[in-house]
Amino acid sequence: MTRRIADPGDLLGLVPANLPATAIFSWLRRGDGIVGWGQAARVDTIGADRFAEASRWWTALVAEGSVDDDVRRPGSGLVAFGSMAYSSSSPAGGTLVVPSVVVGRRGDEAWVTTCTPAGQPTPSVHLEARPAPASPQGVSFGDGSLTPTQWMGAVATAVSRINAGELDKCVLARDLTARGLAPLDTRRLLQRLSTSYPNTWAFSVDGLVGATPEMLVRLERGLITSRVLAGTIRRTGDDERDLSLAAHLARSSKDLVEHEFAVRSVADRLAPHCDSINVPESPFVLHLPNVMHLATDVAGVLSSRSTSLALAEALHPSAAVCGTPRDAAEALITELEHMDRGRYAGPVGWLSAGGDGEWGIALRSGAISPEDPREIRLFAGCGIVAGSDPAAELAESDAKLVPMRDALSS
């Protein structure tokens, strides 16, 4: 059941304390969006059919459920938060969760939704601001699967393969480990991320927490949009210098080539689902607090009965997180990364009863350990093309790790 409420203020401030990371859900940008907690229904899937199995479960749940929603805004009514593993071989699989409580806001309208399994009473919900969560204490960082030197060696190998004509682009990711003295509070991480990076979508699904600047796909009343990011430069903090760097990024042949691969892959995969599609001729520069990206917003009109989750499956993995051609890039990733990405770089977002929803790419993120909530793995990746320099790519990956490292600082 969904009912309108007065503006509740900070949505993250409503999330109860002492919940495990797997029971806290978020999809927020500039303070608007949805947060949730608890679990009314859940499905876990794995393998190549993880998207399809989740879709079948959702279709059956919607058909069996009773939805009372007078608000009828994106994110109201019955919604599920979801995340999907990057690779079909990953044991991380995929998850859709319907929280027990969802609170949302869009513009001047706010609502609360309560979900209960059949036969159970609807819980009473008291929305109130909670005490501020404590900062992480004593967080230490360590190398992940590869040391920085080893990762630069992997980049050099990828460049040599590209120059040999085996592929055009490959996205290589690296990970770091972090550990606090006490269990990490997901609410604190989300508050830091959403405050420091308001132009991103601050997300939390099943222990995966981050702030992604990349909208893989949004479906709203038949309109499809996708934001493609590829080509990055680190900010200096000096406004004049950063404007000069932005101009350089917009003219960089290396970054423009990388960006074109990513845009083309998205447009080609959306085309079968669209009556019409619009791809801008040139990208714009998206300014974030730590980096700047080349960005393109692709839009289309839905021609099929596809849901937002089905569109996310069609787009994943795009060249922005994999490479071109896809099969060759996937093989090189498997050879060189020496790690399981888990749900990093996979689709993350939410799905409505009618099929609309928003799915980002799980970037600028970390996965809290289900075995030890004091531990988290952080991830960052870089697009490697013929002109890539290993040291510069390492610096770019360090810049992309800043949001999560800062969120973990006391």
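This is a conversation between a trainee and a mentor about a predicted model of one protein chain.

Mentor: Two ground rules before we start. Residues are numbered from 1 along each chain as its sequence is written, and side-chain values use heavy atoms, with hydrogens and water left out. As this is a predicted model, local features need pLDDT of at least 70 and side-chain atom pairs count only at pLDDT 80 or more, while totals for chains, interfaces and linings use all residues.

Trainee: Happy with that. How many helices and strands does the protein chain have?

Mentor: The protein chain has eight helices and 22 strands. Both are DSSP runs numbered from the N terminus: helices are H or I with at least four residues, and strands are E with at least two.

Trainee: What makes the protein chain as compact as a globular protein of its length?

Mentor: Its radius of gyration, taken over C-alpha atoms, is 20 Å, and the globule rule gives 22 Å for 410 residues; the two are close, so the chain is as compact as a globular protein of that length. That rule is 2.2 Å times the number of residues to the power 0.38. Along the principal axes, the C-alpha trace spans about 65 × 55 × 45 Å.

Trainee: What share of the contacts comes from residues 24 or more positions apart?

Mentor: They account for 74% of the contacts with a separation of 6 or more. Contact here means heavy atoms within 4.5 Å.

Trainee: And what share of the residues counts as buried?

Mentor: Of the 410 residues, 55% do. Buried means under 20% relative accessible area, exposed means over 50%, and partly exposed is in between (1.4 Å probe, protein chains only). The exposed area of the chain is about 16,500 Å², with 50% of it from carbon and sulfur atoms.

Trainee: Why is Trp151 called buried?

Mentor: Trp151 has 1% relative accessibility, and the cut-off is under 20%, so the residue counts as buried. Trp151 sits in helix α2 (residues 148-163). Beyond its neighbours within four places in sequence, Trp151 contacts several residues, including Leu172, Arg174, Cys382 and Leu394.

Trainee: Why is Arg72 called exposed?

Mentor: Arg72 has 61% relative accessibility; the cut-off for exposed is over 50%, so Arg72 qualifies. Arg72 lies in the loop between α1 (50-64) and β5, and has a positive phi near 55 degrees although it is not a glycine.

Trainee: Asp206 has a phi near 55 degrees too. Is Asp206 buried or exposed?

Mentor: Buried: Asp206 stands at 17%, which is under 20%, so it meets the definition. Asp206 belongs to the loop between β11 (201-205) and β12 (208-212).

Trainee: What makes strand β6 largely enclosed?

Mentor: Five of the five residues of β6 (residues 94-98) are buried, so the rest of the structure largely encloses this strand. Gly94, Leu96 and Val98 point one way, while Thr95 and Val97 point the other way. In general, side chains in a regular strand alternate between the two faces of the sheet.

Trainee: How do you know that β4 and β6 pair?

Mentor: Two strands pair if DSSP finds at least two bridges between them. Strand β4 (residues 41-45) and β6 share five bridges, in the antiparallel sense, so the condition is met. Thr45 has Gly94 as its bridge partner. Strand β5 (residues 79-84) also pairs antiparallel with β6, over four bridges, and there Phe81 is matched with Val97.

Trainee: And which strands pair with β3?

Mentor: Strand β2 (residues 24-29) is joined to β3 by six bridges and runs antiparallel to it. The two form a hairpin with two residues between them, and Arg30 in the turn has a positive phi of about 55 degrees. Strand β7 (residues 101-106) pairs antiparallel with β3 over five bridges, where Gly36 is opposite Val102. Five of the six residues of β3 (residues 32-37) are buried.

Trainee: Last one: where are the cis peptide bonds before Pro317 and Pro325?

Mentor: The bond from His316 to Pro317 has omega near -10 degrees, and Pro317 is in the loop between α6 (308-315) and β18 (323-324). The bond joining Thr324 and Pro325 has omega of about -10 degrees, and Pro325 is in the loop between β18 and α7 (326-337).

Key:
Areas by Shrake-Rupley, 256 points an atom, 1.4 Å probe, with all protein chains shown as cover.
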